[in-house]
Structure formats: C-alpha cells, structure tokens
Amino acid sequence: MEAFLSSLVSVAFHGLAYGMILYVISVGLAVTMGLMGFANLAHGVFAMAGGYILTSSLQHTSIPFPAALVLAFVAVAAGSVVLERLLYARLYSAGELEQVLFTIGLIFMAVAVARLIFGTLQAPVILPDYIKGQYALFGREFPTYRVFLIAVSGVMIAALWFGVERTRWGAMVRAAVDNRAMAQSVGINTRRLFTLTFALGSGLAGLGGALGAEIVAIQPTYPLEQLVFYLIVVAVGGQGSLRGPLVAALLIGFSDTALKYWLPQFGAFFIYVATIALLLWRPMGLFGRRV
Amino acid sequence: MSALPPAAAAGAAHAGGYVADPRVRWQEWLPWLLAAAAFFAAPDYLSLGARILIFILFALSLDLILGYAGIITLGHSAFFGVGAYVAGILGAKLGVTDPLVQLAAAAAAAGVLGVLTGAIILRTTGLTLLMLTLAITLVFLEIANKATSITGGADGLAGVVVAPVLGLFRFDLYGKTAYLYALAVLFVCWWLVRRLIYSPFGASLTGIRENAVRMHAIGAPVYFRMVAVYAISATIAGIAGALLTQTHQFVGLNVLGLEPSGELLIMLILGGVGRLYGAFVGPFVYLIAQDYLAKQFPEYWYFGIGLILVLVVLFARGGILGIVDAARARLRRRSA
C-alpha cells in the first residue's frame, strides 16, 4: 500500500509536469483556432524550434539557462510573425483543406531542415547545476527541474489568464472570438490582433518546447509525433477556450504518465480510445460552445 | 508510362463537378494504354509499376471522399493498413493463401470498419473530425505495434504466402504477375468509382461538398450518403492495402499512422483533387520522383515535398491537372 501511494504521488507529479507543458505548448493553437478558425497543424514546429534554441544555446554558448528560455520565447514569437505575415495570412479565407495541406507542407520542411542542421539524434539537454538534483517537499524528494518547470508553467498560465480576462487586449481577443465581424465593425483592428495573438501563442509553444525538452525529447520528427496530442488537447478542451484545454492537457498528462507506468504494453492505445469516446459524448469538446 | 495521362477534358474543366454525359471519353483510355505499353517497354521497373498502380488505387479511394464528398481525413491509412494486415495475417498465420479470397477478406474488413468509424466520426466536423480520423489510424498503429504475436510488431510480418492468381499465375521475381494483377484490380475499381461518380449518388456527394445545408434543405439524406461513400472508400483502400501486402509478401508498420496518410494526401493534391485522374497523375509523378531522389537525398526529398505542397496550395490548387487545364484554356482562348 505504501509503495502504491508513493508511486501514485510520483505519477501525479510527473503527470502534472507533462500536462502543464502540453498546455503551455497547445494553448496557442486553441486560441488561434478559436480566433481565426485556422487549423495550424504545424504548431509543433514552433515548440520544436524553441526546444532546439534552448538545447543548442546551452550546448554551444555560455548563455545562462533563464536567458535561453526567454530567447526561445522571443525568437520563436518573432519568427512566427514573419511566417504569419508572409504565408499564413494568405490562407485565412481559404478552405480547411488548403490550411491542412499547407501546414503539413510546413511540417515536412521543418523536419527536413531540423535533420540537416541537428542530425537525427535527440538534442541533449545540458542543465545548469543549480537546477539538477532533488528538492524536498512535504517530506518527499522531487526532481528540482520538474518543480521549476511546474512553477514556471503555472506563472505563465496565470499571466495568460490574467491577460485574457483583465486587459484590453484580452477583451479584444474575446470579442473577436465571439463575433469577428462585429468586433471589426466596432473598430478593433482584427488583422493586427491576429498577428499579435499568433505571435504570443507561438512564443508560448516555443517556451513550452524549451521547458519540456527534458520530458519530450527534441528531435526532427517532434512536430509529427506530438501533433496528435495538441489536436486532442484542442478538440477535447474546446476551441477558443482557455479553461478546457488546461483540463484536457492535465488529463492527458496524468493518464499518459499513469499508463506508461502501469500498463506500458498498451502504449497510447487507451488515450486515443478515450478521446474518441469523449468526443462522441461531447463533439464540441468539454468546454466548447455550440456554434 | 513515360508521359502523364492528360486530363479528362470536360470533367476536369469544372473539377469535381457533375458531368451529365457519362460516356467514356477517348482521353480516359490513355492511362490504360500507357500502363499496357509500360508492361512491355519497361520490364525492369514492373515492381515500381505495381507499387504505383496500388497507390493510384489508394489515392482513388481518397479522392472519392476528399474530392467528391469533401471529407478531410488524416487517417485514411487506417483502412489501407487494416486491409494490408488482414491479407498478411491470412497468408502468414492462417494458411488462407488464395489471393482473391485474401482480397475479399481485406475489402470486407476495411468496409465494415469504414461503416463503424464513419457512422461515429461523420457526426463531427472541422478540427474534431480531423483529430478523430488521426486517432483511429493511431489506434490501429498501436495495435499493430503491440500485438506482436499476430502482427509481428515493429519487425513486420514476413513470409506472407500468396498462391497463384486463379491457380494459374504465380507471383514471379520480376513482378510481371504483380503488375498485371494490380492493373486488373485497379481497372475494375476505377470502373466502379467512375460509375459511382457519374450516378445521381455521385452528384449528391458533390452537392454535400459544396453546401451541406442546402442538401439538407432539398431533403437529401446527407449523413447516410456520407457514411455510405466513406465505407465504399474504405473498402477500396483496404483492397489497395491487401494488394501491397500480396505483391511484397510482407507487411510492416509503415502502412499505418500519420505519415502514410500525409503522403497519400500529397500524392492526390499533386495530381489534383476531385478530378478522378488526379489520383492517377499524382502517385505516378510522386513515386517515380521518390524512386530517383529519396534514396540519394533523403533530407532534400522531405524538404522538397513539403515545399511542393506549400507551393501547390498557394499557387496551383488544382495540382498538375489544374495546370494542364489552365494551359489548355489559355491555348483555346488564343486560337479563338
């Protein structure tokens, strides 16, 4: 019993860490889906880019770890603005098929570029000493890095929620999600709002990829392998919602960790089956609004 | 098979539309003439040829739901893979070696799966539908990967026994039988798909793609039509999968998951969606290019197909056949 409780705590802890990372990465996708109705399957590319920025700056330069995290956020956000202005913006009015194909094309290109630059092996994460080791909490030892990761993700999520619920930008985003035409007609520059929100969402994905580099290995096929989890988070959570994807991400985090721990022979089988069942029950997701 | 099969003239002009005249135009025989000529002209490339024919069949099945009914899927490999594994398990484990029996079993399994999954997922739309199609193929990938005693797991299922076709034609080393067998199956399926597209059923599919709300309004059973075409498409994909197993006498995990679905989408988009013959042109160009380029420059190959996909979406949404059509229209205008 004692051993079971101990493993339960450990699974909950690691599941929480994974779920938080998953949320930080995919919340941008949920918001862009709700805001622009754009099916950006290449969202994982931003997370991978953030991961590579972190791992290579820790490996090859003397940039301190926190600065590397900021760099991952800023660089990915800036890069995504260029992509959004040059390419994505052309497809906002296009059909879903075009958006899907276009973003799959981007994934293939990103996978190839990553393979050329970084090779096929997973990028090593060289952490500074002060973040390695164990951290005592409630009479138990936890890996310091994961505690740090949960704390940083928590702060980011709180900041994001505050931004959306309490600031002028957030009010404009919510207005545009509810009714884009109406938001436009009361004088909101939706075009600029889209770009800004897209950059923020991509930057968060970059940060999430960087933070989670130790949990989800950074390798060229990252955007392909992780795609299904982002899609599950957004579809199960509900598009355009902030709360839903968090619940979905934590559910995936806990169940994936628990299944890997207790039933490794089934892989991700139950997660997919549970997702299918859940969407049968609620096709718009847990917190999605019926349009 | 040295030139592209040209577009079906009238059908392609309004891509995916309902064409009242169902007679076979002369251009539509060209792919078959080319395929027959290739059998004699390129005897060293018959294995590649059989592979191309199989992927044409697979792309044809996707075109039916994507191009005509407008159902976007990332999981069409589920049916291809199930067909491939059914044929493989029958041949390697259960001693059912007759190729046509294997084919029928694969078709039935994929078709039933198509009805079951279609009835569930076609109630949803958009990103949710996309995710569900992906989740279903991933479920089967997990099963194939983990049920090693039946499927061989990551090593694949080798030693699939396939008896001679009709008891007469043995699968030979040069791929002659494989090529002709795949060609015959493709021809039969093409004929059926073509009949279907030109039927009122096909017209109602186009209507659903263009405006499902109006189709509801005129009293069309939208949901049942979609499930029906999804099941038909799944059946054909299952046949294509079984053909792949039979011609290789092997089946591996690469028939399931996101990547084969994505590659198939690329092939179809490259040829042209909703044109019937786009499914012929796309795999032909893609697989030949892959045969030359992918082994020598794998990184550049992936980058290249990604780039081509992006360019097609931005500048040439009709694919190769769309470009051919545009060029023909320009020529016609100039001469008029």
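Visitor: What radius of gyration does chain A have, set against a compact globule of 291 residues?
Guide: This is a predicted model, in which local features need pLDDT of at least 70, side-chain atom pairs count only at pLDDT 80 or more, and totals for chains, interfaces and linings use all residues. Residues are numbered from 1 along each chain as its sequence is written, and chains are lettered from A in the order in which they are written. The radius is taken over C-alpha atoms, and the globule rule is 2.2 Å times the number of residues to the power 0.38. A compact globule of 291 residues would come near 19 Å, and chain A agrees with that, at 19 Å.

Visitor: How many helices and strands are there in chain A?
Guide: Elements are DSSP runs, with helices being H or I of at least four residues and strands E of at least two, numbered from the N terminus. Their order in chain A from the N terminus is α-α-α-α-β-β-α-α-α-α-α-α-α. The count is 11 helices and two strands.

Visitor: What percentage of the residues of chain A count as buried?
Guide: A residue is buried if 20 or more other C-beta atoms, placed from the backbone, lie within 10 Å of its own. Of the 291 residues of chain A, the buried part is 46%.

Visitor: Which element gives the largest share of the side of chain B that touches chain A?
Guide: Counting residues as in contact when their C-beta atoms, placed from the backbone, lie within 7 Å, the contact takes 39 residues from chain A and 33 residues from chain B. On chain B, two or more residues each come from α6 (126–146), α12 (258–271) and α14 (298–315). The largest share, 14 residues, comes from α6(B).

Definitions and conventions:
Contact = placed C-beta atoms within 7 Å. Buried ≥ 20, exposed ≤ 12 C-beta atoms within 10 Å, placed from the backbone.
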